[in-house]
Amino acid sequence: MGQLVAIVGRPNVGKSTLFNRLTRTRTAIVDDTAGTTRDRQYGKVDWNGKEFSIVDTGGWVVNSEDIFESEINKQVNLAIEQADEILFVVDAMNGVTDLDDHVAEILRKSRKPVILVANKVDSNDWLYNVPEFYSLGLGEPFPVSAVSGYGTGDLLDEVVKKLPEKEDDGEQLDDIPKFAIVGRPNAGKSSIINAFIGEDRHIVTDIAGTTRDSIYTRYDKFGFDFYLVDTAGIRKKAKVNEDIEYYSVIRSIRAIEASDVCILMIDATRGIEAQDANIFSLIAKNKKGLVVCVNKWDLVEDKSQDAIKAMEKAIRDKFAPFTDFPIIFGSALTKQRIYKVLETAVHVFENRKRVVPTHQLNTVMQEEIAAYPPPANKGKYVKIKYITMLKGAPVPTFIFFCNLPQWVKEPYRRYLENKIRDHWDFTGTPINVFMREK
């Protein structure tokens, strides 16, 4: 099970800048205007060998102070419900505000680990303002500058120290596929789960889970044997009046991290939307297998082959550069092709476990390399001498040993990946290609 850290705080305290700093990306849009963040941002943080997911709770439009306060209340409540740890960001330049007090009051009542982050300490002068935040009753404030990176190393040390230990899901789960049903709201996730389970509920066994953690549901009929990775919130109305997009993303993080293969539900009546791409990026970042199920196909008027090809092209274009994944058109309501979805998910799981013998790998790939060798750089030629597949890796991982690995750029690594996929079936699963010095 992965671990989730949520960033909360009033607008314009630098949450998105801190998110970019911690994830080492420029994903979140940063601007001085309060409420700039409209789409929820999420990413992975790797600090000293420890990895966790992080989500930015920005994303509301401010029309008045009342709306302002109610939206913050929604975001903080969702973060408390779902996150393992919370970063409460305040502005060292402006000091404590009424909204900071409001958020702090909610956080003090929670049982979640909270780290108080005093941001915008862009010079030593602002350090004198930091002690003011002790009044929030959340312990020692950590002075940082998300812009320059000052203090973020110490902050990450504290984040990692306070994260709860990962739960052991048990050895009995290791060899059985774990499939997560994910997608934006109203795409048909609950419908397909109900269609899978049907009326014979005696075959369903809840292995583990709480209201905020993933639940493993054993499914063992029609020759299948796997776990459906679900979260309690998918079949239970939230107690808070949540922002539905943010709620679906934060639930998806939980389900995706606990799975081997993700079944991404897309609503055929609405086509590809931004939220579909957002959830796909979660799957890609976590290196999980993928099956795309275009649901509600029974409601589409044009079911011709041309319409199917157009939809497939739109999906692959949206999810590029990873395009080697199966797409199935069906209906959870009529149960059209839903068992094909399960068969395909099992096949993708098997592809993740596929091992290519070293001698076969070298024989085939050396021919492809000879046909199209790596481009020369500054008169130096890259010679790939040996190829092997890393054993025990969570996803198929190939190591190419060569004399100048630093000169092999992304386009050529993509060429090698494509050739591997041409010769062996890795449909639906990401693969890693690494260059190492021989």
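Here are four exercises on a predicted model, each with a worked solution.

Residues are numbered from 1 along each chain as its sequence is written. In this predicted model, local features need pLDDT of at least 70, side-chain atom pairs count only at pLDDT 80 or more, and totals for chains, interfaces and linings use all residues, while side-chain values use heavy atoms and leave out hydrogens and water.

**Exercise 1. Helix α1**

Find out which residues of α1 are buried, and what follows α1.

Solution. Start with the terms: helices (H or I, at least four residues) and strands (E, at least two) are DSSP runs, numbered from the N terminus. Buried means under 20% relative accessible area, exposed over 50%, and partly exposed in between (1.4 Å probe, protein chains only).

- Step 1: go along the helix and list the buried residues, which are K15, S16, T17, L18, F19, N20, L22 and T23.
- Step 2: eight of the nine residues of α1 are buried, so this helix is largely enclosed by the rest of the structure.
- Step 3: look just past the helix, where R24 follows with a positive phi, near 60 degrees.

**Exercise 2. Two helices that pack**

Describe how α1 and α4 pack, and which residues make the contact.

Solution. Axes are lines fitted to C-alpha atoms, for helices over the stretch in contact, and angles run from 0 to 180 degrees between N-to-C directions.

- Step 1: α1 (residues 15–23) and α4 (residues 152–162) have axes 11 Å apart and pack at an angle of about 80 degrees.
- Step 2: that makes α1 roughly perpendicular to α4 (under 35 degrees counts as roughly parallel, over 145 as roughly antiparallel, 65 to 115 as roughly perpendicular and the rest as oblique).
- Step 3: L18, R21 and L22 of α1 meet T152, L155 and L156 of α4; contact means heavy atoms within 4.5 Å.
- Step 4: sorted by class, the contact has four nonpolar, one polar and one charged residues (Ala, Val, Leu, Ile, Met, Phe, Trp, Tyr, Cys and Pro count as nonpolar, Asp, Glu, Lys and Arg as charged, and the others, Gly among them, as polar).

**Exercise 3. A strand with two neighbours**

Work out how β1 pairs with β3 and with β4, and how its faces are covered.

Solution. Two strands pair if DSSP finds at least two bridges between them.

- Step 1: four bridges join β1 to β3 (residues 50–56), and the two run parallel; L4 stands opposite S53 in β3.
- Step 2: β1 is also joined to β4 (residues 85–91) by four bridges, again parallel, with E85 as the bridge partner of V5.
- Step 3: on one side of β1 lie L4, A6 and V8, on the other V5 and I7, and all of them are buried.

**Exercise 4. An open sheet**

Build the sheet that holds β13, β14 and β15.

Solution.

- Step 1: the order is β13-β14-β15, in an open sheet with mixed pairing.
- Step 2: β13 and β15 stand at the edges with a single partner strand each, so one side of each lacks a neighbour in the sheet.
- Step 3: β13 (residues 384–389) and β14 pair in the antiparallel sense over five bridges; Y386 stands opposite F401.
- Step 4: β14 and β15 (residues 432–437) pair in the parallel sense over six bridges, and F401 stands opposite R436.
- Step 5: from β14 the chain crosses through α11 (residues 410–423) to β15, in a right-handed β-α-β crossover (with the strands pointing away from the viewer, the path from the first strand over the helix to the second runs clockwise).
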